[in-house]
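Me: Could you take a close look at one part of this model for me, the sheet and what packs around it? A connected walk through the strands and helices would be lovely.

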Amino acid sequence: MKTFLWYDLETFGLNPRYDRIAQAAAIRTDMDFNQIGEPIVLYARLSPDYLPTPDSCLVTGITPQEVNEKGMCEADMINTLVSEFMVPDTITVGYNSINFDDEVIRSTLYRNLYDPFEREYRNRCSRWDIINLVRATRDLRPEGINFSTLNPETNAPSFKLTDLTAENNIEQLGAHDALVDVRATIAIAKLIKEKQPKLFQWALDHRYRKEIAKEIQVLNHIPFLHTCPLFVSERGNTHPLLPLFYEAEKSAALYCFDLTHDIPESAEGTYQETGIMRLMINRAPFIAPLNTLDQKSEERLGFTKAWILQKASKAISSPVLRKESVLAAREPYEENAKDPDLTIYNSFPSDHDKGVMASIRAMKPEDKLKKGEHLFDDDKYHKLLWRQVARNWPEVLPEKEKKNWKNFCALRLINPPVEGTPTYELYMRSVNEKLESVETDYHDKEILLKLKEYGEELFDKVIK
């Protein structure tokens, strides 16, 4: 039986490859949104090689002390969560999850010796993100749903869960609690399905790469509609795109030209300069055929089907938009991460290494290092194995390795591997400055005191 697993994460920072999960929540429902079983709420303990970002703690209200008291080690937490993700025929759904939550999950799986992508397709499982469906509903079929609240930064419609639930009379008490946000996501999805069932079903059916590829007529260069945050404006988030070519055979990267732009004189430059964009069709983008436009949506968005087709016929004859011109102007993307924790996309595990990972995950903590030390083809997994054991089960380390682990933690706190991540000194300075500020309210000061206390504990434990 197909089911939805609606999920949300609260994290200790905004870097999905480096920052840690504070809280994860999930609710399973049938395809009609009826809840199946009890909600899942998980906390992950922090290891001493990592400092949370104070601003993230102030947003969520979650402190290191809370997760260390309520939580399990990260390895056990992600094992519990991925077991839910991989229940056969599960559609895992979030709100802005593909850009953030799913990337956090991938990195957490990778850090704990899982294939970081397997849960997205094995057992007939898949993933979906409804935020662009919500944007498309506002642009194309808003009848029955309120989208009147504006984002003060852009003066465009707001798609924050708190704003959407408030203006549609949906109860959402305690935003930035993962379970509350999960319930809000379910409620918004249910509202769209009730008011605009055809649009909802279209988006659900076209979450797959192969279904999107069938819809986009690249060879005939037929324009289509695409909704995404890159297009944010007072009119909406939907633009007409002209499909140009795939980056390579069997590639998921589709190059397109945004027909709201002037036809470029050169393919060199950013999307804002050229209108040329690289659309990844394996990331469940929202796309729709031109005939989705009706008179109301044409007036709302500021373009018509006739105008789109006329502009497309001019654009496709431009030599600047030919494959050789576009690719010649694009610098190839290269992963520059060196630290094993961050090299998830530098190389992918061989079938042999996947098998070794599975066997090591089944071992007792005290056996993992002894039996798995030299088994991997790719040496980075040996380094990840040592770190995983130290982070999750430090008590099983030999005395020499405990000293090495302490030194590793101290180095991480003093010189973290990610640019922009606070060092121990900056962390403590930031906490103290906020504590001393008259603009900091009482509730935030309670959290900041906890963060200061945690920083001092780490200093005594691994730096002093």
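**The sheet and its helices**

Reply: Happy to start with a single pair: Thr227 has Phe286, in S10, as its bridge partner. Please keep in mind that this is a predicted model. That pair belongs to the link between strand S6 (residues 224-227) and S10, which run antiparallel and are joined by four bridges.

Stepping back, S6 and S10 sit in an open sheet of five strands, with antiparallel pairing and the order S9-S8-S7-S6-S10. Strand S9 (276-280) and strand S10 (286-289) form the edges; each has a single partner strand, so one side of each has no neighbour in the sheet. From one strand to the next, the twist averages 45°.

Now for a helix on this sheet. Helix H5 (residues 131-140) lies across S6, S10 and strand S7 (238-246), and its direction is at about 120° to S6.

Let me add a helix pair as well. Helix H3 (residues 74-85) packs with helix H4 (residues 97-111) at an angle of about 120°, and their axes are 10 Å apart. Angles over 145 degrees would count as roughly antiparallel and 65 to 115 as roughly perpendicular, so H3 is oblique to H4. Their crossing is left-handed. On the H3 side, the contact is made by Glu74, Met77, Ile78, Leu81, Val82 and Phe85, while H4 brings Ile105, Thr108, Leu109 and Arg111. Sorted by class, this contact has seven nonpolar residues, one polar and two charged.

Conventions: Residues are numbered from 1 along each chain as its sequence is written. This is a predicted model: local features need pLDDT of at least 70, side-chain atom pairs count only at pLDDT 80 or more; totals for chains, interfaces and linings use all residues. Side-chain values use heavy atoms; hydrogens and water are left out. Axes are lines fitted to C-alpha atoms, for helices over the stretch in contact, and angles run from 0 to 180 degrees between N-to-C directions. Helices (H or I, at least four residues) and strands (E, at least two) are DSSP runs, numbered from the N terminus. Angles under 35 degrees count as roughly parallel, over 145 as roughly antiparallel, 65 to 115 as roughly perpendicular and the rest as oblique. A crossing is left-handed if the near helix is turned anticlockwise from the far one by less than a right angle, and right-handed if clockwise. Contact means heavy atoms within 4.5 Å. Ala, Val, Leu, Ile, Met, Phe, Trp, Tyr, Cys and Pro count as nonpolar, Asp, Glu, Lys and Arg as charged, and the others, Gly among them, as polar. Two strands pair if DSSP finds at least two bridges between them.
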